[in-house]
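Thanks for making time for this. I would like to walk through one model with you, so please keep the sequence and the structure in view while I talk.

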Amino acid sequence: MSDNSDLEFVFVARVDDVPAGKNRCFEVEGRGVLLCAFHSGMKAVENICPHEKISLEGGRLRGAGKIVCPHHGSNFDVDDDGKALGAPAVLPITVFPVRVEDGNVYVQLVTAKRGPDNPFAIPGVKLNF
Ligand code: FES
């Protein structure tokens with residue numbers, strides 16, 4: 001398992017670029033960063049639903065830290081390592097650490113945690129959904 005703790009934070013967007021209660025995807029260094037403007041604060045996840053490996057953009061934000069996939073309705077807990085809270089997705093989404101300074105949003109482009117319960121994060125492993 002890799003340690004991402006010393007990755008630098010990279011600029012994604014201005015806080016104002018994402019209306020409160022909405023989300024919006026930005027491409028940063030070749031990755032889709034979905035900024036989620038929860039009323040409790042800005043959070044960021046990789047813009048890939050692990051169910052069909054398609055975009056989460058436009059999914060509804062719930063409570064202080066949950067996002068609902070707009071395609072088949074799986075919920076993910078952004079506050080708890082992105083874990084899936086219901087079918088059809090079973091694997092977690094990748095959550096990026098966020099820092100907000102002077103109205104700018106920065107994230108650490110961490111890789112997903114690897115492990116037997118998340119083979120999605122292991123390069124070269126093909127999953128059959
Ligand atoms: S693509 Fe997200 S739950 Fe199916």
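Asn 23 stands opposite Cys 36 in β3, and that pair is a convenient place to begin, where a strand is a DSSP run of E of at least two residues and a helix is a run of H or I of at least four, both numbered from the N terminus. Before going further, I should say that this is a predicted model, in which local features need pLDDT of at least 70 and side-chain atom pairs count only at pLDDT 80 or more, whereas totals for chains, interfaces and linings use all residues. Residues are numbered from 1 along each chain as its sequence is written.

Strand β2, residues 23-28, pairs with β3 in the antiparallel sense over six bridges, and by pairing I mean that DSSP finds at least two bridges between the two strands. As general background, strands of a sheet pair through backbone hydrogen bonds, either parallel or antiparallel. These two strands form a hairpin with two residues between them. Glu 29, in the loop between β2 and β3, has a phi near 50 degrees, which is a positive value in a residue other than glycine.

Is Glu 29 buried or exposed? Glu 29 is exposed, because 7 other C-beta atoms lie within 10 Å; the cut-offs are 20 or more such atoms within 10 Å for buried, 12 or fewer for exposed, and partly exposed in between, with C-beta atoms placed from the backbone.

On its other side, β3 is joined by six bridges to strand β4, residues 41-46, and the two run antiparallel. A hairpin connects β3 to β4 through two residues, and Phe 38 stands opposite Gly 41 in β4. Taken together, four strands form an open sheet in the order β2-β3-β4-β9, with antiparallel pairing. The edge strands are β2 and β9, the latter spanning 95-96, and each pairs on one side only.

Let me stay with β3 for a moment, since its residues 31-38 are mostly covered, six of the eight being buried. That leads to the largest nonpolar core, a term for a set of buried Ala, Val, Leu, Ile, Met, Phe, Trp, Tyr and Cys residues joined through C-beta atoms within 7 Å. The largest core has 26 residues, of which Leu 35, Cys 36, Ala 44 and Val 45 touch the most other members. At least two residues of this core come from each of β1 (10-14), β3, β4, β9 and β11 (104-107), and the largest share, six residues, is from β3. In soluble globular proteins, nonpolar side chains tend to be buried together.

Why does Val 45 count as buried? Val 45 counts as buried because it has 26 C-beta neighbours inside 10 Å. Val 45 sits in strand β4, and although Val 33 is twelve residues away in sequence, the two are 6.0 Å apart in space, C-alpha to C-alpha. Setting aside neighbours within four places in sequence, the contacts of Val 45 include Leu 34, Cys 36, Leu 56, Ile 67 and Val 78, a contact being two C-beta atoms, placed from the backbone, within 7 Å. With the same exclusion, Ala 44 is in contact with residues including Val 12, Val 33, Leu 35, Phe 96 and Val 107.

There is also another open sheet of four strands, in the order β5-β6-β7-β8, with antiparallel pairing. Its edge strands are β5 (61-62) and β8 (83-84), each pairing on one side only. Strand β7, residues 75-77, pairs with β8 in the antiparallel sense over two bridges, and the bridge partner of Asp 77 in β8 is Lys 83.

Two loop details deserve a look in the viewer. In the loop between β8 and β9 lies Pro 88, and the peptide bond from Ala 87 to Pro 88 is cis, with omega near 10 degrees. Lys 53, found in the loop between β4 and β5, has a positive phi near 55 degrees, and Lys 53 is exposed, with 10 other C-beta atoms within 10 Å.

For the chain as a whole, the secondary structure comes to zero helices and eleven strands, and 29% of the 129 residues count as buried. Finally, among contacts between residues at least 6 apart in sequence, 38% join residues at least 24 apart.
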